[in-house]
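Hi,

Here is the structure I said I would pass on. Have a look at it first, and then read my notes below.

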Amino acid sequence: MDMKRDYYEDVQLFESNVVLFWTVVLLVFLFTLPLYVPSYRFSLFNLVLVHVILAVGLNILVGNTGQISLGHAGFFAIGAYGTTLLMTKLGLPFVLALPLAAFISSAFGFILGLPALRLEGPYLSIATLGFGLTVTHIIGHWDFFGGRTGLQVPPLDLGGGFILKTDVQKYYLILIITIFLVLSARNLLKTRVGRAFVAIRDSDIAAEVIGVNLLIYKTLSFAVSAFYAGIAGGLFGFVLGFFNPEPFNLILSIVFLVMIVVGGLGAIAGSIMGATLITILQYSLLKNIKEVPYVGPFMVDISSRWFTVIGLENLNSIVLGLIMIAIVIFEPLGIYGIWLRIKKYWRTWPF
Amino acid sequence: MKGKGRFWAVLFTISSLVLWTGIGLCGAPGFDDKEIRIAAWGPQTGPAAPWGSVARAPAVLAAMINEQGGIHGRKLKHFVRDDQYNPAQTKVVVKELVEKEGIFSFVCGTGSAGGLAVKDYLAQNKVIWVGPATSVKEYVFPVQPYLFSVYPLYEDEGSILTKYVIEKLGIKEIGVVYQNDPYGKNGLDGVRQRLDHLKMKAVAEIPVEATEKDLSSHVLKLKSAGAKAVLMWVHPTTGVVLVKTAATIGYKPQWVASNTLSDFELMNKISGGLWEGIITGAFMLPPDSDDPRVVKYREAAKKYAPEERFGVFFMAGIMFTEPLVEALKRVGKNLSTEAVLKALNSMKNFQGVGPKLTWSPDQHQGSDSIQIWKCGPGGKTILLQDWTVNELAHWKKK
Amino acid sequence: MYGQLIVEGLSIGACYAVFGIAVVIIYKTSEVINFAQGEMAMISTFVAYHILNVYGWPFWYAFIGALFFAVLLGVFIEVCFLRPAKDPTVLGLIVITLGAEMLLMGLASWKWGAEQKDFALPFSFHKTHELFKGVVINDWSIAVFVMAAVLMIFLYIFFRYTKLGVAMRATQQNEHAARIMGIKVERVFSFAWGFSSLIGALAGMFFAARSTLDPAYMMEPFLRAFAAAVLGGLMSIPGVVIGGGILGILENFVGFHWPAWKPIVAFLVIVAVLCIRPSGLFARHYEKKV
């Protein structure tokens, strides 16, 4: 918000000591989370973190570079299958398999970036959509990938027989990777590469004129984004323990896109908030409303009068849809925009 | 830079402390003196939601039992959780149930990926799982100590149906349409097993995706291959589309379908009456049967779940729960997981409204037989062949 | 056999095309891809089902009622969800339509349950007529062809000769200029949504008669129709119809020889086409200016 006065101010990690302080508080909170929250919640938190990684990567592509992708479930799947297969078939350790799978995913991202040089808007979205569908289709048809049955994920061995078993243990691993990747994304966007991405988003022709190589930077953006999706996918496999191609469908790609738009395009904090909010809403908003005292019987009564009691669970998708609509209508910048406004309000308070 | 390193070191110490203090793994106990908690997951929303009725049905059985005073003084409490057919959601809801509510045993449980994602977790927490609402080989081969399967294998079904078509109907030109997933492929394996045994070959084997809505090329392929009987291991909607499309081009083979398409009342309605004359496998008594047990369940469903259609899958939910209730009754007052496991493991030729069930410590595939039905006018069930065993079943030859 | 494949491919392709027209009409005026299109058609078809089965009225009443409902629904979504959005991005608008999709799907499943329903049109599947030797066509397909042809002619006249049609085209080409010329742009948008929803509902009823009616039945047809529209160029109505036809025939031929690849072949071909013609087959590709 404030003017930047010198270069070092631009590249430093924290804008002020206040930000530093709250970041430390947040980190300490995240690292001590298992002390306050029962452990069964952690399979959900792990999913949230995995989605945060993916959303941060997707936001680099969509929010910062201005390219749309409806195929990120494909990269996610490549990450998940790549990591698991590299570990089971080639016997690679986890620490090698995960980045390697992410690089494979990133290579596919590079390939998908090539048509993006010519396509835009809905045409690019259908091309990426085709990519996502093709990946899951091939996986589902090839027995090497476990077909539709799916794959059993090997134990998460960090090396030296140090195996992570419980969700809480995996939570720490995923948390550390998430923090690392979020910081990397933040740094990347402050470099020449990040500025080139933004230039392409604002006007690719103008960017080309001032010397941004579109071929390199557009494909690079896809590759980086796919790398994040690959890491997220690899971790997703371990969160599940067993997976088949079913979850990596078009709906998942769409949900990823919803996360960053609701969170705030082009803002890392936005993707974190969006992924957290949408995942938690999707997995636990208004679930089992029948068992809630007072509200439950009331809703059952309404349902039996005008709707069906069997379908009451669908309230989840109705309310989620309304929340999505409301956020976009009232705040085009997403939750990040709301956050900015609150900040501005308190900064100038009481004036 | 030094401060940063120290900060990370502190965080590392905290987290390892948290890990060492050993945040509990154990689930809450699944029963007390007043109630026994059972649960099922299944898609209640989203595209797969039609499969969800099976998960709701045990509530009817629980209500019936509770009305009669429960099992040895304990009431049954049934939880249903929506997982949208997504293994990630299955894992979240199952963990919450086990560690927050405390579940004694899961029943039904739809969706193979979700089931495979949680089965080890359930075993670690000593939670029994009876009657998964789908047949998955990985559930029972090798034996999972806490998992008891009721559903006949699709492979056996395929073999028995093929035998019926060849021997009783005398049709030699057999086409297969199978969904490209374990369900469809197991069915196809069964057909092949029987055909190999008779030294024959199917004239066409066509894969189909569950989401496909336009199947004219599939039907034309069957027609041009000259299939006189077509066996289907597909989604009910796919089955309806196949039959409708065949009618448009005047192709009339003998359709034979898996037990997942045996809900004649529904299938006949949504196919516009075209389901009449179709032969299917079946894993329990028909819901419109006059058998006293079925009548009892039907009345109970009308009373406790008036909105539900008493179709095959709703009744199947009750059928999958029957053996657990039986085991609980046999165990008596001193309830414990081990005792119920023992009772289940020693169950022999138990028959509710489903097939005869036999479990032993080294065999948890409970049933080996199916019935064969035909859809009569108006969706009435015609019994063609009573419980039939697949004599070629590979898993019994050991 | 190939003759029959072509007939079947064309008839399903025509159905995709009609639904694709609904996508195109919204895209043509407001440059939004409406992801709720399928669900709007779904819920309209459910309304027809409801009128038929709960009130027991004759088919044509239900048909008209559903179309009327579809128009209201389209206008409602435009007025209540899209119009209030403050300086929205295209992605933001897409997310609004996705939200509307989830909302409608949830409502339909809550109201009618998830179980499949039967929805029949008076144009039966069973009645077939022999075109050539060995090639038959059924009433359903004939009805689809007639519907597609009538729509084409109507839309051609509409966009060329009526005031409203010209206003819609003007709005798409330059919203500000259209506003200055005195076109009430908001009203044009509402009209486009209502009209598109109506066409979508028409196609939706035909799809339901072909498969079954349940809250998720339009997801797959929507994707195909969207693909057909992109293949045709998203801007031109003849393009969509030709795109739909190509898609239908292509899928049927591939499905006949390699059934396993049928679900994705259309998308692969479209990606290949787009690499050569970035704006589809029949839309003029505007070079961007700075």
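Helix α1 of chain C covers residues 2-30, and its length works out nicely: at 1.5 Å a residue, its 29 residues should span 42 Å, and the end C-alpha atoms are 40 Å apart, which agrees. Keep in mind that this is a predicted model, so that spacing is computed from predicted coordinates. Is α1(C) enclosed by the rest of the structure or not? Largely enclosed, because 26 of its 29 residues are buried. Right after α1(C) comes E31(C), which has a positive phi, near 55°.

While you are in chain C, look at L234(C) too. Its phi is positive as well, about 60°, although it is not a glycine. You will find L234(C) in the loop between α9 (219-232) and α10 (237-257) of chain C. L234(C) counts as buried because it has 26 other C-beta atoms within 10 Å, and the cut-off for that is 20 or more.

Chain B has a residue of this kind as well: N349(B) is not a glycine, yet its phi is positive, about 50°. It sits in the loop that runs between α14 (337-345) and β11 (369-375) of chain B. Here the surroundings are another story: N349(B) is exposed, because just 7 other C-beta atoms lie within 10 Å, where 12 or fewer is the limit for that label.

Also in chain B, there is a cis peptide bond between F141(B) and P142(B), with omega about 0°. P142(B) belongs to the loop between α6 (137-140) and β5 (147-148) of chain B.

Now for the places where the chains meet. The contact between chains A and C takes 39 residues from chain A and 42 residues from chain C. On the chain A side, the elements giving two or more residues are α7 (121-141), α10 (204-209), α12 (250-263) and α15 (315-330). That side divides into 28 nonpolar, 10 polar and 1 charged.

Chain A also touches chain B, and that contact takes 38 residues from chain A and 32 residues from chain B. Several elements of chain A each supply at least two residues to it, among them α2 (17-31), α4 (42-64), α8 (167-190) and β4 (242-243). α7 and α15 of chain A are on that list as well. What is the make-up of the side of chain A that touches chain B? It divides into 18 nonpolar, 16 polar and 4 charged residues.

Cheers

Note on methods:
Residues numbered from 1 in each chain as written. Chains lettered and ligands numbered in written order. Predicted model: local features only at pLDDT ≥ 70, side-chain atom pairs only at ≥ 80, totals over all residues. Helix = DSSP H or I, 4+ residues; strand = E, 2+ residues; numbered from the N terminus. Contact = placed C-beta atoms within 7 Å. Nonpolar A, V, L, I, M, F, W, Y, C, P; charged D, E, K, R; others polar. Expected span 1.5 Å × (residues − 1).
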